[in-house]
Amino acid sequence: MTVPGEWAVAVRAAYDGPPAVAATVHDDGFGLLAVDVPAERWLDAVRLAHDGLGLVFFDWLSAVDELDGGFRLVCHVAAHAPGAVRHLLLRTLLARERPAVDSVAEVFAGAAWHERETHEMFGVDFLRDGEALDLAPLLLPDSFEGHPLRKDFVLASRVAKPWPGAKEPGESAASSRRRPRAPGVPDPGEWGP
Amino acid sequence: MTGVEVHLGLPTVGPAPDGGARPQSYRVEVGDGYALQVLDLGLACCAVEFVSAVAAFPDVLRPEDDDVHADSARSRVAVMVVSGTVTDKMAPAVRRAYDRLPEPRLVVSFGSCASSGGPYWDSYCVTKGIDQVVPVDLYVPGCPPRPEALVQALRALDGCAPR
Amino acid sequence: MTVSERSALPARSRGVIALVEENCTSCMLCARECPAWCIYIDSHQETVPAGPAGGRDRTRNVLDRFAIDWSLCMYCSICVEVCPFEALSWSPELAPAEPDIRDLLHERDRLGSWAPSVPPPDALDERAPAPKELAAAEKVAARQRRSAQR
């Protein structure tokens, strides 16, 4: 899928002009342009999409755990017009140790819920005026510990229950030698805090 | 379609003008002068099958419009059918709903999610079966169970001693 | 509830999975592919000694335990599709509701009891070529007729 030529030109022009957000525009071939910005310019980049490009529809904001790379915060914004939807992915990379970025709720009020969910699922802090917002848990019970969507979060059920497929054909008890692992379950040695 | 202006008004917060919704219960006759008062705690997809059962078997599941205690001539048993996935955040609400059921009462776990967590058994936030929070009298297998399975299960309930 | 009491079911309705034990070779594919981890299989190996005509001993898998937990199953059909020997099939019968969740774990006898209710497969399109099983069976029958005539 190709991005309409006019739209790609408009996006590049907007992000080349002031304010300087040091953005790079990518076309990953999915018909959706992605704009990568440094973390400290995140709020400016989102505001530019809203004010400069007219992308006033906020779709979603979430994060991707890229392991050693850190957390990639991703935001999808769009502008609806009959027959011509223009949309954009805004991305920024956050450090793994203490991921923190400005909150964009002042640009898109609806982003507040998404930031709350991203905060509890990934442990990303959202800042207003340099202070981390105290975001209450949205979906997880109060006593929950940990950030479940991080890739090093252990799914306790899959560890506790022995995989019925671990046995070889012709075996009744899983033998002690190396046996196949369930799909999607990492080796106990490499999974966990 | 040309633009048509629709004025919906903004939502408001406050008590509902008609006093709020009452839970809709369905009466099921199971013989021997015995009736079940079935209430659906519809949480997910299984709730759609419950609604389908109400629509497909109107002679079995009769919507009750009158007050709970209006018919005192027969013995009634309140049945809570939990249809759908119960997350750990929702589990206390399921318990509260059960605590508010008048006795005698029975609980039916409808579908795999309510019985054991089902396809989401390995999730970080799904309760692996409502029997972790409420006593269950009947487990209905299925994902989702057919409406016929609900009717079959409700008929099987008359063998369960209500508590 | 009997089938006649139920409303007309669409073809290939997924009610409960029937096990045809004779076809099962304990290959473990269904247990491995099941996303809910609800199929439990135990098996052991037995040696089939070489026949009087010579050859070598063969080993084969013997099924000890085949169980499906209906309280976990999500009826996705992956096990039925992945079985290379068609040991698992859908039956439109409904597994009954149980007061004890442990009774929703059906062992192989119970799974085998659903087999008679498995409907015959849909007829092929009339313009399709004949199934290979028919051609193979006819070849064997013709060979037997020829050897009987000699």
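**View 1. The accessible surface of chain B in a predicted model.** The accessible surface of chain B comes to about 8300 Å² (Shrake-Rupley method, 1.4 Å probe), and carbon and sulfur atoms hold 56% of this surface. Of the 163 residues of chain B, 48% count as buried (under 20% relative accessible area, 1.4 Å probe, protein chains only). This is a predicted model, in which local features need pLDDT of at least 70, side-chain atom pairs count only at pLDDT 80 or more, and totals for chains, interfaces and linings use all residues. Residues are numbered from 1 along each chain as its sequence is written, and chains are lettered from A in the order in which they are written.

**View 2. The elements of chain B.** Chain B has four helices and six strands (DSSP runs of H or I with at least four residues, and of E with at least two, numbered from the N terminus). From the N terminus on, their order is β-β-α-β-β-α-β-α-β-α.

**View 3. The interface of chain C and chain A.** Chain C gives 18 residues and chain A gives 15 residues to the contact (heavy atoms within 4.5 Å). Two salt bridges (a side-chain nitrogen of Lys or Arg within 4 Å of a carboxyl oxygen of Asp or Glu) cross this interface. One salt bridge joins the side chains of Glu168(A) and Arg32(C) at 3.7 Å, N to O.

**View 4. The side of chain C that touches chain A.** Helix H1 (29-33), strand E2 (39-48) and strand E3 (58-69) of chain C each give two or more residues to this side. The largest share, seven residues, comes from E2(C).

Conventions:
Heavy atoms only, no water. Buried < 20%, exposed > 50% of the residue type's maximum accessible area, 1.4 Å probe, protein only.
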